[in-house]
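Student: I am new to this model and would like a close look at one part of it. Please take me through the empty space inside.

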Amino acid sequence: MTEAAANKLAMTLSRMRGAALKVGQMMSLQDSNLLPPAFQEALERVRRGADPMPAGQVELMLEQELGPAWRDSFESFDMTPFAAASIGQVHRAVLRDGTQVVVKIQYPGIAESVNSDVANLGMVLKMVLPSTMYVDKLLKSTREELLLETDYTNEAKNQNTFKNLTDTLPHNFGSRLRVPEVISHLSTKRVFVSRLIRGVPVDKLASAVEEGTDAAAAALLTSFDQTARNNVSASLLHLCLLELFSWKRMQTDPNWSNFFYEPPSTHSNKDPGTLHLLDFGACRTFSDEFTVNYFSTIQAAVHGDMEGVLRHSRAVGFLTGEESPSMNNAHCAAVMTLADPFRSPPGTLFDFAKADITKRVTPHIPLMVRQRLRPPPEEVYSLHRKLAGTFLICARLGAKIDTGAMWRDIERAMMTTIEATKQNIRP
């Protein structure tokens, strides 16, 4: 793809919003080893924001959702958005009691256009992707996720759930995890209000780490040294494992502009800082059976058990049992590579920057796509996007993490689930 074509695609996606922009944002979170550089750069611009709504549309949406006297709820309201995304944009405001908040307003017509957007996008994708990519299942997952995201009452419910989970969570690994309070009486299906948080988006910090040459990047990095990078990365990875194996409920959008790092108020080595989590529109739950089978697949890889990887992969739904030896070998090699961080002995630091996990998995992907005999399990589309995104951000931040101790912690937590479900697990 030429640079001009990539730029044109990015501009088109940013104007389409909805499904097309969402897919563009998802693609932009992939490792640069998997996408042409020009395409990657263009999609990165898509991920960072879409064209904002005019002020008149903002006024109309607020009147429709909060009533003609909506301004009475606010001491001040900034009509200029400070963030824009696939289905809405975000404004700063202050409530009458002085509480600083953010107000997310959905673009008009987004919910109604999801089905047609996904259908149109599907026609394009089917022209360029092989049948073994199972585009229909990918589109089904995208459609369901988008429809959930367009209902901000669903997001409010998810955010309250995750706030309760993180408020009682000890920060054994990395920074404290916090979720902002939802302002329920001002949140509707198309307007979402929550308390303003402080900090710097993780993607901005990652860019500063990678580029780090100008004054702005240097200023950011003064409060984001190697210890802070390790703490943030450890928190993100531990969160991902907790969501899958302990809570069985995951926020599935690894857009790192939704994760804000707030450094400690004092330069104390004992204070790991705080990581604020935002945007809970895209969430899914996992059954005990799926969780146990998926854990058993990774656990087999951690112990170098290829037969166990194949057996549990069939139970999860990755494989049918009729695959060729080359497909089985490629699948095992990929799973073994993904399990590398958790194979480290407790007390040692795994270096994500040097591991090149995605680069080592990439050579196996073409064969697995060609020889796949079944579509991936439904749960995997969003789960693997989150896992891949988490590994990628750890690498971008140059994180060194005691992943062995983290995995042992998950092993202990999984024992209860395994005992409760072992009678229902397929052999």
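Student: By class, how many nonpolar, polar and charged residues does the lining of the largest cavity have?

Tutor: Some ground rules come before the count. This is a predicted model, where local features need pLDDT of at least 70 and side-chain atom pairs count only at pLDDT 80 or more, while totals for chains, interfaces and linings use all residues. Residues are numbered from 1 along each chain as its sequence is written, and side-chain values use heavy atoms, with hydrogens and water left out.

Rolling a probe the size of a water molecule over the atoms shows where empty space is left. A cavity is a set of points, on a 1 Å grid over the protein atoms alone, where a 1.4 Å probe fits but cannot get out. Its volume is the space filled by probe spheres set on the points, which are joined across faces, edges and corners. Two cavities here reach 30 Å³ or more. The largest holds about 60 Å³ of space.

Now the lining (residues with an atom within 4 Å of a point). Leu169, Pro170, His171, Asn172 and Phe173 belong to it. So do Ser175, Arg176, Leu177 and Arg178, together with Ser235 and His238.

Strand S5 (176-178) and helix H10 (226-247) each supply at least two lining residues. S5 gives the largest share, three residues. Helices (H or I, at least four residues) and strands (E, at least two) are DSSP runs, numbered from the N terminus.

So to your count: four nonpolar, five polar and two charged residues. Ala, Val, Leu, Ile, Met, Phe, Trp, Tyr, Cys and Pro count as nonpolar; Asp, Glu, Lys and Arg as charged; the others, Gly among them, as polar.

Conventions:
1 Å grid on protein atoms, 1.4 Å probe; cavity = no way out; pocket = protein on both sides within 12 Å on 5 of 7 lines; lining within 4 Å.
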